[in-house]
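Here are some short exercises on aromatic rings, each with a worked solution. Have a look at the model first, then try each task before reading on.

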Amino acid sequence: MQSFSFKSDYDENRNIERIITERNRALAKQQIIFTIVLVVVLLLLGFYIFRKVVYTEFDGYIQTEYKDYRAVEDMYIFDQYTEVGDIVIPGDTLYSFVYINLFGLGSMSSEPGVIVNDRNARVQLNMAYAEAEVLRVKIRELESQIAKEDNNIRFGMTENSHKMDLLRQLAETREQLNATLKKAGIYGSIHRESQSAVHKFGQYSLEFANDQGGLDYVLRQIYERNSSAIRYEIAQDTAVVTKLWATPFSRVFKEEHVLQLENVSLERSNMQVVAYVPTYYMGRVNNNTQAEVIVNDDVRFRATVELLGARTEELPEELRNSLSHNYTSVMVVFSPDRDQVLPLWAAVDKVPVKVRIKNYDNGRRDDGSDYWYITRDGLTEESKYHLGMMRQKNASDRYHYRPEESEGDDEDADAGDTLPQKQAGEAAKPSQSAAERSRAENSAAGGSVSSDAGTKDYVRHKVKSGETLYGIARTYGVRIEDIVALNPGVDKVLYADAVILVPAAGAQRK
C-alpha cells in the first residue's frame, strides 16, 4: 500500500513564522552590533576632534647634562671605588690615580726622565774615565821624554829649549787630567743622585729602562707602597654613576673619559625639554605658555617656556608625516617646574616625550610679554619693559643690579648693592630725585597728590613678587599711564614689596 503524509496549512504557517522570527532576531542583532560600533567610532572621533580643538601636541625630548670626569694629563688609574648605578654623595671617593709624568716618570710613550739622566750621566762618566786614562799615558810618555832630554843635555847633545817645551806640555796635560777627573766626579755625583731618586720612590729598575712594561712595574710599586704620589678624585654633588670608561690598573691618555655622573637634582642637572614646533604652530606658543610634558601614561609633569626659537632642526624621519612637505621645525625650550617629583629614568638625556599645550589657555596675556619683538636697534620699548620685569623677578637667583645714581643721594651709589640684598631689606624703591621724593612724602601724609594728571584720589598698593604694572592697572581698573604719573620711574623698574600710589577707580570714572 502506498505511503501517505498530510501537512495542514497550519503547520506551514508556523514554519514561515519561525523563519521570519529568526531572520528578525538576526537583523536586530546586526543592527545592535552596528549601532554599538557606530557609537564607539563616533565617540572616538568626537574625542579625537575634541583633543585636536582643545590641545596641541608636539614631539620632543628631554635634555640633561652629565658630569664627565676626564684626564687632565696622562694618568694611570689604580682603583675604581664605584660601579654603574651607584649613588654617590659629596665627599665620596670615585677613583685613585697617579700622573704618569709625576716625579720625572715622563709620558707613557717615552722613558722616565730620571732613567735618561742616569744613563747620560753614566755615559759621560765612562767617557771622562777613558779620557783621564789617555791623559795619564800621555803624562808618562812626557815624563819619559823629559828624562831622556836631561841625559842629552848632560852630555851636551841638545839645548835646554826642547826640555822647556816638554815641561810646558807636561804641565798642560796634568791640568787637563785634573779637569777631566773633576768632570768625572760631577757625573759620578749625578749618577749617584739619579740612583738615589730611583730607589727612593721605588719607581723603576734599570733593567726595565727600555721596556714598556717597566712603567707598569713602577706604577704598581707606587700603589703597593701607598706613595704620596697617589691622588684621589672626590664627588662634588649627589649623583648616580652612569658610565665607567677606565678599568682598574689601566692607562688613560689626556682628555680621555674616565667616569660619568648624572646629577639627581632637576636644578643641577639643568634638565630641559626641547620640543619640535612647526612654524605654522608657533602662534600657539608664547613666552607665558605652560605645558604638560607626557613621558608615558604614568609620568607627566609641568613645564614653562624658557626660550622660543632656540634653533631650527629637521624633524627626525620617524616623526615625519607623509602628507607634510615641511620638515623644518623651530626648537622651543621648556623648563620643568622645580617643585615636582619625577622618577630618575624619566629625567635622563634623550628621553622622547609629548609636549601638550591648551589652545584656549596658552598663557597669552596680550600685554607685550608674549614675545620678544626686535627692530633694527634691538628690542622694542615694550619688550624692554617686560624684560626688566622678568629680570627683577629672577634677580634673587641670577642677576646683579646696580641702581642709577641720583644727585645728592649717596645711599644708592654703593656698587656693592644687589637687587637680592635690596629685596631682603625693608622696602626696595627706585632711585628718585629730591622733588619726586618730596611729592611721594606729601602724598603719603595726605589723601591726594598733585601731578600732571591733576589732583586725584589714590590708594596705596604694596607690590607682590612677580606682579606687573599691567596686572595692577587691571586690578584697580585704571590706566598704566595714570599709575606712572603718580609714581615716576615705576614704568622702568617695579620692585617687590615697594608701596606705590594707584588712582582710585571712582575718581577715574568721574
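**Exercise 1.** Over the ring of which residue does the charged end of arginine 356 sit?

*Solution.* This is a predicted model. Start at the charged end of arginine 356 and look for the ring beneath: that ring belongs to tyrosine 55, and its centre is 5.0 Å away. Lysine 67 offers another such case, as its charged end sits over the ring of tyrosine 69, 5.3 Å from the centre.

**Exercise 2.** Classify the pair formed by the rings of phenylalanine 78 and phenylalanine 249.

*Solution.* A pair of aromatic rings is described by the distance of the centres and the angle of the planes. The count comes to ten aromatic pairs. In the pair of phenylalanine 78 and phenylalanine 249, the centres are 6.2 Å apart and the planes stand at 65°, so the pair is edge-to-face. Next, place both residues: phenylalanine 78 is in strand S3, while phenylalanine 249 is in the loop between strand S7 and strand S8, so the pair ties together parts 171 residues apart in sequence. Both residues also belong to one aromatic cluster, formed by Tyr76, Phe78, Tyr223 and Phe249.

**Exercise 3.** Is phenylalanine 78 buried or exposed? Work out the class of phenylalanine 249 too.

*Solution.* Buried means under 20% relative accessible area. Phenylalanine 78 has 0%, so phenylalanine 78 counts as buried. Phenylalanine 249 has 27%, so this residue is partly exposed.

Notes:
Residues numbered from 1 in each chain as written. Predicted model: local features only at pLDDT ≥ 70, side-chain atom pairs only at ≥ 80, totals over all residues. Heavy atoms only, no water. Phe/Tyr/Trp six-rings, centres within 6.5 Å; stacked < 30°, edge-to-face > 60°. Helix = DSSP H or I, 4+ residues; strand = E, 2+ residues; numbered from the N terminus. Buried < 20%, exposed > 50% of the residue type's maximum accessible area, 1.4 Å probe, protein only. Lys NZ or Arg CZ within 6 Å of the ring centre and 35° of its normal.
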